[in-house]
Amino acid sequence: MNTENCPSCGKEMQWMQLDHYETVGRYKVLLKNVSTYRCSCDTAVFSLDQLEHTERVAAAYVLMNCEDINSDVIKFARKALGLTKDEIAFKLGYTFWFFENAEFEIKRIERLALVGLLLCEDSTFENIKLVVK
Ligand SMILES: [Zn+2]
């Protein structure tokens, strides 16, 4: 396993599991046991992949489990996917372009479409190929 030195104090960091919080709109989500490097000086280093992963999973969790979904949650989810408003509209339909205007009501089925995209983007499809006969 690779070792990593602390960006704050230079000491060698330990690979361990930490609790990580994400703020999704007005919700705060706790992700337990996120693997990361941590130093005895309390500095933790998450990789970019990990941060994208925790953001997408946290957004999916809020979309599935919280009743009051506002435009901040939709915006967070879109950014976690690294998409522009036009790109998310292209993938999920043009109502998504308007969701970041607060007056639009977001239906459960539309939320679940976004959850599907969040979890799909988070999966590894590297070893899967579509074979058409
Ligand atoms: Zn340190």
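This is a guided tour of the structure, stop by stop, with selections to make in the viewer.

**Before starting**

The model is predicted: local features need pLDDT of at least 70, side-chain atom pairs count only at pLDDT 80 or more, and totals for chains, interfaces and linings use all residues. Residues are numbered from 1 along each chain as its sequence is written.

**The whole chain**

Display the full chain, which comprises 5 helices and 3 strands. Helices (H or I, at least four residues) and strands (E, at least two) are DSSP runs, numbered from the N terminus. Along the sequence the pattern is β-β-β-α-α-α-α-α. The radius of gyration is 18 Å, well over the 14 Å from the globule rule for 133 residues, so the chain is more spread out than a compact globule. This radius is taken over C-alpha atoms, and the globule rule is 2.2 Å times the number of residues to the power 0.38. Along the principal axes, the C-alpha atoms fill a box of roughly 50 × 45 × 25 Å.

How many of the 133 residues count as buried? The share is 20%. A residue is buried if 20 or more other C-beta atoms, placed from the backbone, lie within 10 Å of its own, exposed if 12 or fewer, and partly exposed in between.

**The sheet**

Select the 3 strands next; they form an open, antiparallel sheet in the order S1-S2-S3. Strand S1 (14–24) and strand S3 (44–45) stand at the edges with a single partner strand each, so one side of each has no neighbour in the sheet. Two strands pair if DSSP finds at least two bridges between them; S1 and S2 pair over 10 bridges. Two positions to label are Trp-15, which stands opposite Tyr-37 in S2, and His-20, whose bridge partner in S2 is Leu-31. At the hairpin of S1 and S2, with 2 residues between the strands, Gly-25 has a positive phi near 60 degrees.

**Thr-36**

Move along strand S2 (residues 27–38) to Thr-36. Is this residue buried or partly exposed? Thr-36 counts as partly exposed because 19 C-beta neighbours lie inside 10 Å. Leaving aside neighbours within four places in sequence, Thr-36 is in contact (C-beta atoms, placed from the backbone, within 7 Å) with Leu-18, Ala-44, Val-45, Phe-46 and Gln-50.

**Cys-41**

Continue to the loop between S2 and S3, where Cys-41 is found. Cys-41 counts as exposed because it has 11 C-beta neighbours inside 10 Å. Apart from residues up to four places away in sequence, Cys-41 touches Cys-6, Ser-8, Cys-9 and Lys-11. For a view across the model, select Leu-117 as well: its C-alpha atom is 38 Å from that of Cys-41, and the two are 76 residues apart along the chain.

**Helices H1 and H2**

Select H1 and compare its length with expectation. The 18 residues of H1 should span 26 Å at 1.5 Å a residue, and its end C-alpha atoms are 26 Å apart, which agrees. The expected span is 1.5 Å times one less than the number of residues. The buried residues of H1 include Thr-54, Arg-56, Ala-59 and Leu-63.

End at helix H2 (residues 71–80), where Val-73, Ile-74, Phe-76, Ala-77, Arg-78 and Ala-80 are buried. Just after H2, Gly-82 takes a positive phi of about 70 degrees. Looking back from H2, Val-73 is 26 Å from Thr-36, C-alpha to C-alpha, and 37 residues apart from it in sequence.

Note on methods. Two residues are in contact if their C-beta atoms, placed from the backbone, lie within 7 Å.
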